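Me: Please take a close look at one helix of this model and at the aromatic rings around it. I would like the geometry with the cut-offs stated.

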Amino acid sequence: MTTPVPAASSTVPPAGSAGRLLVVDDEEGIRSMLTMALEFLGHQVTAAATGRQALQAVTRYDPDLILLDVNLPDLNGFEVCRTLRDRGNAVPVLFLTGLGGVDDRVRGLDMGGDDFVTKPFELKEVAARVRALLRRAGGGHPDRNRLRAGAVQLDADAHQVWADGRPVDLTTTEFALLRYLMENPGRVLSRRQIQERVWNHRDEGSGVVDTYIYYLRRKLGEPGQSLIRTVRGVGYQLCAN
């Protein structure tokens, strides 16, 4: 494909519309072209060549939007999208496909996709659809009711938590504790602050916070061990990276 990178004068997106994008295509030329064009437009872009690489990149990179080729050498794009939805990941998916039939589009939407671009495509159309999907998802800014830190996701509306893609069953108190930590990434929270917020100023004893941090780490598994850091003599910190 030889479509040129769009000119800055007509296609640079408005301030605040840029996002973290994941480009997934097994054709190196298309990956490189899309990466270069989208970075030129102000987005942060990473790329993957296979379905399995895409699933790994989603966990590491936490994209705001995925541009996903349907015909991949291992898992096809529909399977990748379905796997993400089964894991509770609602990241918008823009399918890149040479399949132009209505049945194929319906199948992709039923799998959880959000939009299609048919190959060969014009870069200005891809850029416009990316902007539209990011606006629909909140302009690339995370919803405070849906939080993510590393391999852990929390949906406050659905009262659900996932760690490495698996659902985690938390009590009401454990959920409130995790949410408070995830709403304050990188901030060191004292035991008193945590108790006042999670237990509504009730005096539950000096060791209750430590006990529930232990419960939370154990239930989250490996992600919890690396995510929640003990700051000796002070309290706890959710590691931002």
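Reply: What follows describes helix α9, then its ring contacts, then a second ring pair.

This is a predicted model, in which local features need pLDDT of at least 70 and side-chain atom pairs count only at pLDDT 80 or more, while totals for chains, interfaces and linings use all residues. Residues are numbered from 1 along each chain as its sequence is written, and side-chain values use heavy atoms, with hydrogens and water left out.

Helices (H or I, at least four residues) and strands (E, at least two) are DSSP runs, numbered from the N terminus. Helix α9 has 13 residues, which at 1.5 Å a residue should span 18 Å; the end C-alpha atoms are 18 Å apart, in agreement. The expected span is 1.5 Å times one less than the number of residues. After α9 comes Gly 221, with a positive phi near 75 degrees.

Burial is judged by relative accessible area: buried is under 20%, exposed over 50%, partly exposed in between (1.4 Å probe, protein chains only). The buried residues of α9 are Val 208, Val 209, Ile 213, Leu 216, Arg 217 and Leu 220. Seen down the helix axis, the buried residues fall within an arc of 165 degrees, so they line one face of α9. That arc is taken from the directions from the helix axis to the C-beta atoms. An α-helix has 3.6 residues a turn, so residues three or four places apart point the same way. On the face turned away from the buried side, α9 carries the exposed residues Tyr 214 and Arg 218.

Tyr 214 also belongs to a cluster, in which ring pairs link it with Trp 199, Tyr 212 and Tyr 215. Rings of Phe, Tyr and Trp (its six-membered ring) pair if their centres lie within 6.5 Å; planes under 30 degrees apart count as stacked, over 60 as edge-to-face and the rest as tilted. The structure holds 5 aromatic pairs. In one of them, the rings of Phe 95 and Phe 116 have centres 5.2 Å apart and planes at 35 degrees, so this pair is tilted. Phe 95 lies in strand β4 (residues 93-97) and Phe 116 in strand β5, 21 residues apart. Both Phe 95 and Phe 116 are buried.

Back at the helix, Trp 199 and Tyr 212 form an edge-to-face pair, 5.4 Å centre to centre with 75 degrees between the planes. Trp 199 sits in the loop between α8 (191-198) and α9 (208-220), and Tyr 212 in α9, 13 residues apart. Trp 199 counts as buried at 4% relative accessibility, whereas Tyr 212 is partly exposed at 21%.
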